[in-house]
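Subject: Structure handover

Hello,

Here is the structure for you to look at. My notes follow below it.

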Amino acid sequence: MAHNLNFNSNTGRYSFFSVKEKAWHGLGKIVEKYPTSEEAIRHAGLDYDVAKTPLFTKGSGIVETANGIEVGDNELTVPNYFANIRTDNNAVLGVVGKDYQIVQNREAFSFFDAIVGGDEGILYETAGALGNGERIFITAKLPDYIRVGNGDDVTEKYIFLTTSHDGSGSITAAFTPVRIVCQNTLNASLRNMSNVVRIRHTAGAKQRLEDAHKVMGLANTLSVQLETKFNQWAKVRVTDSEVKRLIQLTLCPNKETFDLIRKGAADEISTVFKNTVEDVFAYAMISESQQMETTKGTLFGAYNAVTGYYQNVRNYKNEEAKLQSIVIGGTAQLKTQKAFELCTSFEKEGPEMLQLN
C-alpha cells in the first residue's frame with residue numbers, strides 16, 4: 001500500500017483528514033471548516049487508546065506440573081518487554097521495553113492546544129495514522145503570517161508533530177513555515193536556534209510533552225526573524241548565473257563533486273547531479289511563484305527555488321517519504337538548510353562568496 005494510511009475496519013474508512021484540499025492519494029475525510037482538537041481526532045480516526053500489555057511466547061519440551069511431568073507447549077512470559085496494542089481492535093502496534101511510556105493520541109493534540117491557549121488559536125489542517133495506527137501525525141496552523149514585500153507574498157506558520165506507538169523514534173514536533181503562493185515547505189532555522197523538539201517515550205515523556213510548548217514558543221521568535229530575513233533577501237538582486245551557482249553549491253553532495261565544479265570539469269560530474277541542478281534552475285526561471293516582485297531576480301527567489309523544487313517538483317516514492325524528506329530531517333530539509341546558510345553568506349559577502357578558487 002503506497003500511501004501506508006491506516007484503514008480502520010471498524011469505521012470502513014482511512015484514518016486521515018484534511019481541511020478543504022485532498023491529500024495522500026485522495027483518501028480519508030475532507031472537511032470544509034477547521035475542526036477543534038476533539039473533532040480532528042474523530043475526523044482522522046485517531047480516537048483510540050493504546051495499552052502496554054504483557055508479552056508472551058510459546059515454549060516446548062518437558063514441563064513439571066502438579067500432576068507429574070508433561071510434554072507439550074507451554075506459555076512463557078517475556079521479561080521486561082511488552083506489546084503495545086490498540087484497545088479498539090487489539091492490533092499489535094509494536095514491542096517496547098519496561099521504561100517506555102505511552103503518549104495517547106489525545107495527549108499529542110493537547111500539546112498543540114497548549115501552545116496558543118486552546119482551540120481558538122490553533123487551526124488543525126491534517127492528521128492521520130499510518131500502518132496499523134502505530135504512527136500518527138498532525139499538522140496545525142498558527143495564528144498570523146510571515147509577510148514579505150508589500151504583503152502579497154505571505155508564509156503561513158505551521159507546527160508538525162509525529163509520534164509512534166511501536167517503540168521507534170521520539171515524539172517530534174517541528175516549526176514549518178509554508179509559503180501560500182506555491183505551498184513551499186521552508187524548513188529554515190536560524191543560527192543557534194532549532195526548529196525541532198524531540199521527546200523520548202520514557203518516564204517523563206508526558207510532562208515533557210506538556211512543557212514542550214514553551215520551547216516551541218521559539219516558533220514565534222523564529223518567524224519574526226525569518227520575516228526580517230526574507231524581506232532583506234527580497235531586496236538583494238542576483239543574476240541568473242549567481243542563482244545557478246547557489247543551486248549547485250546547495251545540492252553538491254560531496255567534496256569530489258565540489259572540486260569538479262571548481263575546476264569546471266562538467267563532463268566528469270554525474271548526470272544525476274547535473275539534471276537535478278537543471279530541474280531546480282528551471283523551476284527558478286519559469287515557475288509562476290518565481291515571477292513575483294519578491295522572488296524574480298532576488299536572493300529570496302533563489303532560496304525559494306530550492307524549497308519549491310523539493311515541495312512541488314521532486315518525485316518521491318510516496319507521501320510518507322515526502323513527509324520524511326521535507327519535515328523530519330531528510331534530504332529536502334538538509335538541502336533547504338544549506339540553501340538558507342548559503343543565502344545568508346551571500347547577503348553578507350556578496351557574489352564574491354561564489355568564487356570557488
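How much accessible surface does the protein chain have, and what share of it belongs to carbon and sulfur atoms? The accessible surface comes to about 17,500 Å². Carbon and sulfur atoms hold 48% of that surface. Please keep in mind that this is a predicted model.

**Overall make-up**

The protein chain has 357 residues, and 49% of them are buried. Its secondary structure consists of ten helices and 13 strands. Take the contacts in the chain with a separation of 6 or more. Of these, 61% link residues 24 or more positions apart.

**The cores**

In soluble globular proteins, nonpolar side chains tend to be buried together. Here, the largest nonpolar core has 40 residues. Phe230, Trp233 and Leu246 touch the most other members. Several elements each supply at least two residues of this core. One is a strand, S9 (135-148). The helices are H4 (218-233), H5 (240-251), H6 (255-263), H7 (271-286), H8 (299-313) and H10 (331-349). H8 gives the largest share, with eight residues. There is also a second, separate core of 34 residues. Among its members are Leu93, Ile199, Ala205 and Leu209.

**H8 against H10**

How do these two helices run relative to each other? They pack at an angle of about 175°, and their axes are 10 Å apart. Angles over 145 degrees count as roughly antiparallel, so H8 and H10 are roughly antiparallel to each other.

The residues that meet are these:

- From H8: Leu299, Tyr303, Val306, Thr307 and Tyr310.
- From H10: Thr331, Ala332, Lys335, Thr336, Ala339, Phe340, Cys343, Phe346 and Glu347.

By class, this contact has nine nonpolar, three polar and two charged residues.

**One residue to look at: Arg42**

Arg42 sits in helix H1, which covers residues 37-43. Is Arg42 buried, partly exposed or exposed? Its relative accessibility is 41%. Buried means under 20% and exposed means over 50%, so Arg42 counts as partly exposed.

Which residues does Arg42 touch, leaving aside those up to four places away in sequence? They are Arg13 and Asp47. Ser15 is another residue to find on the model. Arg42 and Ser15 are 27 residues apart in sequence. Their C-alpha atoms are 9.1 Å apart in space.

Best wishes

Note on methods. Residues are numbered from 1 along each chain as its sequence is written. This is a predicted model: local features need pLDDT of at least 70, side-chain atom pairs count only at pLDDT 80 or more; totals for chains, interfaces and linings use all residues. Side-chain values use heavy atoms; hydrogens and water are left out. Helices (H or I, at least four residues) and strands (E, at least two) are DSSP runs, numbered from the N terminus. Buried means under 20% relative accessible area, exposed over 50%, partly exposed in between (1.4 Å probe, protein chains only). Contact means heavy atoms within 4.5 Å. Accessible areas come from the Shrake-Rupley method with a 1.4 Å probe; for residues, only the protein chains shown count as cover. A nonpolar core is a set of buried Ala, Val, Leu, Ile, Met, Phe, Trp, Tyr and Cys residues joined through side-chain atoms within 4.5 Å. Axes are lines fitted to C-alpha atoms, for helices over the stretch in contact, and angles run from 0 to 180 degrees between N-to-C directions. Angles under 35 degrees count as roughly parallel, over 145 as roughly antiparallel, 65 to 115 as roughly perpendicular and the rest as oblique. Ala, Val, Leu, Ile, Met, Phe, Trp, Tyr, Cys and Pro count as nonpolar, Asp, Glu, Lys and Arg as charged, and the others, Gly among them, as polar.
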